[in-house]
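Grab a pencil and work through these exercises with the model open beside you. Try each task before you read its solution.

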Amino acid sequence: MSQFAKDIGRFIMKLSKETEAIQNSLALYCRSGVEPPIPVSRPENLPHYRRLVFNIVLNTMQQAFPIAYKNIPADEWKDLVHNFFLKHDSQTPQVWKLPFEFYQFVSQNNYSERLKKPFLDDLLFFEWIEIEVHTMPDIKATKHKTKGNLFTDVLVLNPEFKLFKLNYPVHIHPPDKALELHGDYFVIAYRHPNDLNVRFLNLSILHTFIIEKLIEEEYTLNQIVDDMLSLFNINKNELITNISTFLNDLFNQKLILGYKISPGL
Amino acid sequence: MKSNINIGLGFRRDLTEEFMSQKTIKPGFIEFAPENWIDMGGYWGKVLREIETKYPVTCHGLSLSLGSPEELDWEFIKKLKIFLDEHHVEIYSEHLSYTKASNAHLYDLLPIPFREDAIHHVSKRIKQVQDYLQRKIAIENVSYYTSVAAEMDEATFINSIVEEADCNLLLDINNVYVNAFNHNYDPKNFIKKLPLDKVAYIHMAGHERVAPDLIIDTHGEAIIDPVYELFEWTIQRMKPVPVLLERDFNFPEITELQSELTQLESICKRHWEVHYEIK
Ligand SMILES: [Fe+2]
């Protein structure tokens, strides 16, 4: 290459439309199988690229969604992943986050109906949440102490959690059984601070209400109880007994970490 | 890294205990793919922090896609910089290939056309990333199973980029062997043409011969003798750099891995200890 050509090249430094089209068509071939109209030295090897690329996506999904994978016939699963890879432009540079994009693709395109697996969206979401909570960046809990008053102190939640709702209880039952139990299931997934594993707790509507209040870390239990008494028609004593048991359990399970230390103290 | 002779291993989650205890295997450093660890908290975040108290750490990127036609992903590069700084990463390398096109990631290494405009395009991107990261990148020669719309040979392509981008080279000896076999050229002649003074890091790996005329770079087998020989021939022509054993699949007994590390170490000692005194 002459010095002049080098200088000109450095000045322009732009990829030609032709090279860009060549690169795009090879990538598209990997996704679609449509033979790229480009000069290649060993065309017989192109299918290896398609195979290697697709296997990465297929393996990623199989590892992320072991229950869904087992509950969908193998050829349908493969088709589903194929469709995803072809039609969806994968956005994350981190392949372990791709299962979330897969979940979104499947639920937005109504594959649960097409595959006659009504539980599919919930199942993929549930399996993804386990990954998400297990891997989420560490979050520092609000400053707290371990001794305090359950009713007059503000309680501090373990911040590494995800609260969500399912229509099928796939977090409790195998998919076939869950299918018969359509309803509203409130679930909290959290990372246990001791072993850093993910635990799932099934919550009643009442307990979900309490958790949502606790998340704000502003109200004492007395305030929350007053709130609930004004909203629901329940007996105060029964409510207090119920809540005390529930919250003590959350303390034991390390979903509640302690009592908030007010700023300045 | 303190010594002249440094033989490392890529981090494998299923070897966490062995890496921690250092009883059955003790690499000189550990390589991580930053994409697999950025934003990672919890158990694996803790493992990473523990590993880096015991070993020097290098990073080998997967998704920067230096050869992409489209814009660099600055969101990702910002996170990458924080990660490299936070974890005191000594060497950061990436592939001379592309993994993203038409706004979609493919998570595997596609060959860049060996063309003039691609040289300038890729060099510019490497420079941009180096400027932002405030460190040099070592770019790796990748294995490829077909060339695409090539207008020059691979060595010219690599050389031009290393020169224009003013970056370092990660020389993957197995990839040279694989490409020489698949594209019918002499691996030593190829290596002679490379800027060996710019090599900052070496990769060694095994591969799989899937047809009489095709080798796939699987990282799933032991290193074969001709690749060891090519390695030994090459290192006599360059200064000492860290050497990484890549093994991603089909894991052997830990003793086998350790013996591969030991073999690499003894080859390095044979040539690098004699000529370069350890400080
Ligand atoms: Fe490599």
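**Exercise 1. Find which residue stands opposite B:His203 in E12(B).**

*Solution.* Look across from B:His203 and you land on B:Leu244 in E12(B). Strands here, at least two residues long, and helices, at least four, are DSSP runs labelled E and H or I and numbered from the N terminus. Next, step back to the strands themselves: E9(B) and E12(B) run parallel and are joined by four bridges. Two strands count as paired if DSSP finds at least two bridges between them. Now try E8(B), residues 168-172, which pairs with E9(B) in the parallel sense, again over four bridges. There, B:Asp172 is the residue opposite B:His203. Last step, burial: seven of the seven residues of E9(B) are buried, so the strand is largely enclosed by the rest of the structure. "Buried" means under 20% relative accessible area, "exposed" over 50%, and "partly exposed" in between, with a 1.4 Å probe and protein chains only.

Some ground rules before you go on. This is a predicted model, where local features need pLDDT of at least 70 and side-chain atom pairs count only at pLDDT 80 or more, while totals for chains, interfaces and linings use all residues. Residues are numbered from 1 along each chain as its sequence is written, chains are lettered from A and ligands numbered from 1 in the order in which they are written, and side-chain values use heavy atoms, with hydrogens and water left out.

**Exercise 2. Work out which residues coordinate the iron ion, and why the arrangement is called irregular.**

*Solution.* Start with the donors: B:Glu140 (OE), B:Asp172 (OD), B:His203 (ND1) and B:Glu246 (OE) coordinate the iron ion at 2.0 to 2.5 Å. A donor is an N, O or S atom within 2.8 Å of the metal (3.2 Å for Na, K and Ca), and since water is not among the atoms, sites may look incomplete. Next, the spacing in sequence, which reads E-x31-D-x30-H-x42-E. Two of these donors link distant parts of the chain: B:Glu140 in strand E7 (residues 138-140) and B:His203 in strand E9 (residues 199-205) of chain B are 63 residues apart. Both B:Glu140 and B:His203 are buried. Finally, the geometry: the four donor atoms subtend angles of 81 to 162°, which makes the arrangement irregular. For reference, four donors are tetrahedral if all angles lie between 85 and 135 degrees; four are square planar, and six octahedral, if opposite donors are over 155 degrees apart and all others between 65 and 115; anything else is irregular.

**Exercise 3. Trace what E1(B) pairs with, and which way its residues point.**

*Solution.* First, E1(B) runs parallel to strand E12 (residues 243-246) of chain B, with three bridges between them. In that pairing B:Leu9 faces B:Leu245. Then turn to strand E2 (residues 30-32) of chain B, also parallel to E1(B), with two bridges; here B:Gly10 stands opposite B:Glu31. Now the side chains and glycines: B:Ile7 and B:Leu9 point one way from E1(B), B:Gly8 and B:Gly10 the other way, and all are buried.

**Exercise 4. Find the residue with positive phi in the loop between H1 and E2 of chain B, and say how exposed it is.**

*Solution.* Keep the rule of thumb in mind: most residues other than glycine have a negative phi. B:Gln22 has a positive phi of about 60° although it is not a glycine, and its place is that loop. At 24% relative accessibility, B:Gln22 counts as partly exposed.

Now try chain A: A:Asn110 is not a glycine either, and its phi is near 55°. A:Asn110 lies in the loop between helix H6 (98-108) and helix H7 (111-114) of chain A. With 41% relative accessibility, A:Asn110 is partly exposed.

**Exercise 5. Give the strand order of the open three-stranded sheet in chain A, and name the strands at its edges.**

*Solution.* The order is E1-E6-E2, with antiparallel pairing. Strand E1 (144-145) and strand E2 (155-157) stand at the edges with a single partner strand each, so one side of each has no neighbour in the sheet. To check one pairing, look at E2(A) and strand E6 (residues 256-260) of chain A: they run antiparallel and share three bridges, with A:Val156 opposite A:Gly258.
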